[in-house]
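Open the structure in your viewer and keep the sequence panel visible. The tour below gives a series of selections, with a note on what each one shows.

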Amino acid sequence: MSRQKVKCLVAIVNRGKGSLVADICRSYQIYFTCGTLALGTAGSELLYYLGIGETDKEMLFSFLPACLERDVMNEIAGRINIRKPGHGIMFTVPLSGISTLFQQKVMCESADKEAYMEQAERKYELVVAVVDHGFQDQVMDAARAADATGGTVFHARSLHDEDASSFLGIRLQGEKDVVMILSETGTYTRIMQAVNAACGLKTEAKGLIFSLPVDHFIGI
């Protein structure tokens with residue numbers, strides 16, 4: 001029996017292209033798509049070549065069956081030219097858990113397709129740093145010193161600040177910057193260590209640093 005897998009698709013595109021990504025997902029009967037505004041952080045000399053030629057971005061998250069992963073990504077890439085430098089990046093992240101009902105809703109329209117894809121050796125990792133607001137530049141300075149090329153930033157707010165502060169034993173600020181850095185597997189550990197040293201929990205940035213595996217990637 002095949003294993004039915006659901007993945008999270010992350011698309012970081014130029015402002016104004018998010019609705020097209022959502023429409024493409026909808027055409028595949030993928031209805032669980034949400035988005036937020038974000039900023040590209042690559043140095044100006046790298047922006048064009050790294051697929052993030054405009055700093056103002058939209059970041060979209062969608063959940064899709066693994067059997068549709070390549071079809072959906074290839075259509076998005078073709079429609080908004082993600083393979084062309086300066087137009088964005090897109091990747092999928094495997095889920096370690098999902099509610100049964102949600103999985104059934106995502107998979108129901110694809111029940112007639114093989115829902116398991118053999119996983120090739122991963123080449124990329126997604127490094128995520130959640131820091132107090134105003135420390136995004138320090139994160140990227142540390143990451144670039146460890147050979148990161150660029151990242152994407154969006155703003156968030158920490159909930160239950162008092163509980164989190166008590167649990168961690170430090171005072172946390174409510175407003176957060178979330179920095180996402182796509183890295184090759186050979187360099188992501190070094191990037192994480194550099195960012196943690198500069199902006200970790202024991203620093204003024206009070207950063208939480210972690211990484212996620214990336215399955216399929218288009219954009220650089």
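The stops run from the whole chain to single residues.

**Whole chain**

Start with everything displayed as a cartoon. This is a predicted model, and its secondary structure comes to seven helices and nine strands. Of the 220 residues in the protein, 46% are buried. Among contacts with a separation of 6 or more, 80% are between residues 24 or more positions apart.

**Confidence**

Colour by pLDDT next. The mean for the protein is 80, and 77% of the residues reach 70 or more. Select residues 46–53: here the pLDDT is below 50, and the stretch has 26 contacts in the model beyond near neighbours in sequence. Then select residues 111–118, where the pLDDT is also below 50 and the corresponding count is 19 contacts. Where pLDDT is low, the predicted coordinates should not be read in detail.

**Helix α3**

Select residues 69–80, which make up helix α3. Its twelve residues reach 17 Å from the first C-alpha to the last, close to the 16 Å expected at 1.5 Å a residue. Show side chains for E69, V72, M73, I76, A77 and I80, the buried residues of α3. Viewed down the axis, they cover an arc of only 130°, so they are on the same side of α3.

What covers that side? Add β1 (6–14), α1 (18–27), β3 (56–65), β4 (88–94) and β9 to the display; the cover of the buried residues of α3 includes these elements.

Move on to N81, just after α3. N81 is in the loop between α3 and β4. Its phi is near 60°, a positive value in a residue other than glycine. With 40% relative accessibility, N81 counts as partly exposed.

**K7 and its partners**

Which side chains does K7 meet through polar contacts? Select K7, which is in strand β1, and show its side chain. K7 has a relative accessible area of 4%, so it is buried. One polar contact runs from the side chain of K7 to the side chain of E69, at 3.1 Å. E69 has already appeared among the buried residues of α3. Another polar contact joins the side chain of K7 to that of D215, at 2.7 Å.

**Helix α1**

Return to α1 and show G18, V21, A22, I24 and C25, which are buried. They cover an arc of only 160° around the axis, so they are on the same side of α1. The buried residues of α1 pack against β1, β2 (33–40), β3 and α3. The helix α3 of the earlier stop is thus listed here as a packing partner of α1. Just after α1, select Q29, which takes a positive phi of about 60°.

**The aromatic pair**

Hide the helices and select Y124 and F217. A pair of aromatic rings is described by the distance of the centres and the angle of the planes. The count for this model is one aromatic pair. It is formed by Y124 and F217 and is tilted, at 4.7 Å centre to centre with 40° between the planes. Y124 lies in strand β5 (residues 124–132) and F217 in strand β9 (residues 217–218), so the pair ties together parts that are 93 residues apart in sequence.

Are the two residues buried or exposed? Y124 has 23% relative accessibility and counts as partly exposed. F217, at 15%, counts as buried; the cut-off for buried is under 20%.

**A129 in strand β5**

Stay on strand β5 and select A129. Its relative accessible area is 1%, so A129 is buried. Leaving aside neighbours within four places in sequence, display the residues in contact with A129: V139, D177, V178, V179, V195, L208 and I209. Then draw a distance from A129 to K176: the two are 47 residues apart in sequence and 9.9 Å apart in space, C-alpha to C-alpha.

**K206**

For the last stop, select K206 in the loop between α7 (188–199) and β8 (208–214). K206 is not a glycine, yet its phi is positive, at about 55°. At 18% relative accessibility, K206 counts as buried, whereas N81, with its positive phi near 60°, counts as partly exposed.

How values were computed:
Residues numbered from 1 in each chain as written. Heavy atoms only, no water. Phe/Tyr/Trp six-rings, centres within 6.5 Å; stacked < 30°, edge-to-face > 60°. Helix = DSSP H or I, 4+ residues; strand = E, 2+ residues; numbered from the N terminus. Buried < 20%, exposed > 50% of the residue type's maximum accessible area, 1.4 Å probe, protein only. pLDDT = per-residue confidence, 0-100. Contact = heavy atoms within 4.5 Å. Expected span 1.5 Å × (residues − 1). Arc of directions from axis to C-beta. Polar contact = N/O pair within 3.5 Å; in protein donor to acceptor, adjacent residues only side chain to side chain.
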